[in-house]
Amino acid sequence: MSETARHTTPRLVHTLRRQGLTFNKYYVSLMTNEQAIQIVLENKDPSNAERLAAMYACDDILEADIDVWLSKDVSEYLPQFPDIAESLVEDLLKEDSISVERVANSLTEVSRSMYHYVKFYETLSSYDIALSER
């Protein structure tokens with residue numbers, strides 16, 4: 001079992017059992033978008049970076065479908081984050097007397113959200129990996 005699967009599977013199993021979901025080797029192909037989103041939302045912390053990552057992960061799951069989202073490499077989804085950062089900087093620069101510290105903190109949060117986005121992807125992927133290794 002992969003390192004990611006070993007650490008995230010127990011929490012996922014608990015979440016999925018609470019939802020009354022069944023387990024079999026075909027689970028991911030049977031997972032609905034709503035179930036995947038619920039897992040993401042239940043596994044996020046209240047930080048701004050994780051909320052941003054969860055929002056984008058949920059949007060991408062709904063747009064692509066969970067099976068397609070998981071079948072692609074996560075790197076295909078990351079280019080949206082520099083676009084988010086550029087848009088954020090444009091908005092911040094429109095404000096009067098914006099501090100360099102606030103711009104830096106905002107860009108750091110976008111960077112952190114990329115990390116959390118990948119972790120959400122790995123969490124959902126690890127469940128698939130764990131089941132396929134049974």
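The structure holds 6 aromatic pairs. One of them, formed by Trp 69 and Tyr 77, is tilted, with 6.0 Å from centre to centre and 45 degrees between the planes. Both partners, Trp 69 and Tyr 77, are buried. In a further pair, the ring centres of Phe 81 and Tyr 117 lie 5.3 Å apart and the planes stand at 70 degrees, so this pair is edge-to-face. The pair of Phe 81 and Tyr 117 links distant parts of the chain, since Phe 81 belongs to helix α6 and Tyr 117 to helix α7, 36 residues apart. Ring pairs also join Tyr 56, Trp 69, Tyr 77, Phe 81, Tyr 117 and Tyr 121 into a cluster. All of this is read from a predicted model.

**Overall architecture and confidence**

The protein has 7 helices and 0 strands. It comprises 134 residues, of which 40% count as buried. Among contacts between residues at least 6 apart in sequence, 70% join residues at least 24 apart.

The mean pLDDT of the protein is 80, and 72% of its residues reach 70 or more. Confidence is highest in α4, at 94, and lowest in helix α2 (residues 27-30), at a mean of 45. Over residues 1-6 the pLDDT is below 50, and this stretch has 10 contacts in the model beyond near neighbours in sequence. Residues 21-29 likewise have a pLDDT below 50, with 20 contacts in the model beyond near neighbours in sequence. Where pLDDT is low, the predicted coordinates should not be read in detail.

**The nonpolar core**

The largest nonpolar core has 27 residues, and those touching the most other members are Val 40, Ile 61, Ile 66, Trp 69, Phe 81, Tyr 117 and Leu 124. At least two residues of this core come from each of α3 (33-42), α4 (48-64), α5 (66-71), α6 and α7 (100-132). Helix α4 gives the largest share, 7 residues. In soluble globular proteins, nonpolar side chains tend to be buried together.

Two members of the core, Phe 81 and Tyr 117, also form the edge-to-face pair described above. Phe 81 counts as buried because its relative accessibility is 1%. Tyr 117 is buried as well, with a relative accessible area of 0%. Leaving aside neighbours within four places in sequence, Phe 81 is in contact with Tyr 56, Val 110, Ser 113, Met 114 and Tyr 117.

**Helices α4 and α6**

The lengths of these two helices can be checked against a rise of 1.5 Å a residue. The table sets out the result.

| Helix | Residues in helix | Expected span | Distance between end C-alpha atoms |
|---|---|---|---|
| α4 | 17 residues | 24 Å | 24 Å |
| α6 | 14 residues | 20 Å | 20 Å |

For α4, the distance between the end C-alpha atoms agrees with the expected span. The same agreement is found for α6, which covers residues 80-93.

Which residues of α6 are buried? They are Gln 80, Phe 81, Ile 84, Ala 85 and Leu 92. These residues cover an arc of only 140 degrees around the axis, which puts them on the same side of α6. An α-helix has 3.6 residues a turn, so residues three or four places apart point the same way. The face of α6 turned away from the buried side carries the exposed residues Glu 90 and Leu 93.

In α4, the buried residues are Ala 49, Glu 50, Leu 52, Ala 53, Ala 54, Tyr 56, Ala 57, Cys 58, Asp 60 and Ile 61. Charged residues are thus found in this list alongside nonpolar ones, among them Glu 50 and Asp 60.**Two loop residues with positive phi**

Asp 65 follows α4 and has a positive phi. The angle is near 90 degrees, in a residue other than glycine. Asp 65 lies in the loop between α4 and α5. With a relative accessible area of 31%, Asp 65 is partly exposed.

Where is Ser 97 placed? Ser 97 is in the loop between α6 and α7. Its phi is near 50 degrees, a positive value in a residue other than glycine. Ser 97 counts as exposed, at 75% relative accessibility.

Terms used: Residues are numbered from 1 along each chain as its sequence is written. Side-chain values use heavy atoms; hydrogens and water are left out. Helices (H or I, at least four residues) and strands (E, at least two) are DSSP runs, numbered from the N terminus. The expected span of a helix is 1.5 Å times one less than its number of residues. Buried means under 20% relative accessible area, exposed over 50%, partly exposed in between (1.4 Å probe, protein chains only). The arc is that of the directions from the helix axis to the C-beta atoms. A nonpolar core is a set of buried Ala, Val, Leu, Ile, Met, Phe, Trp, Tyr and Cys residues joined through side-chain atoms within 4.5 Å. Contact means heavy atoms within 4.5 Å. Rings of Phe, Tyr and Trp (its six-membered ring) pair if their centres lie within 6.5 Å; planes under 30 degrees apart count as stacked, over 60 as edge-to-face and the rest as tilted. pLDDT is the predictor's confidence in each residue, from 0 to 100.
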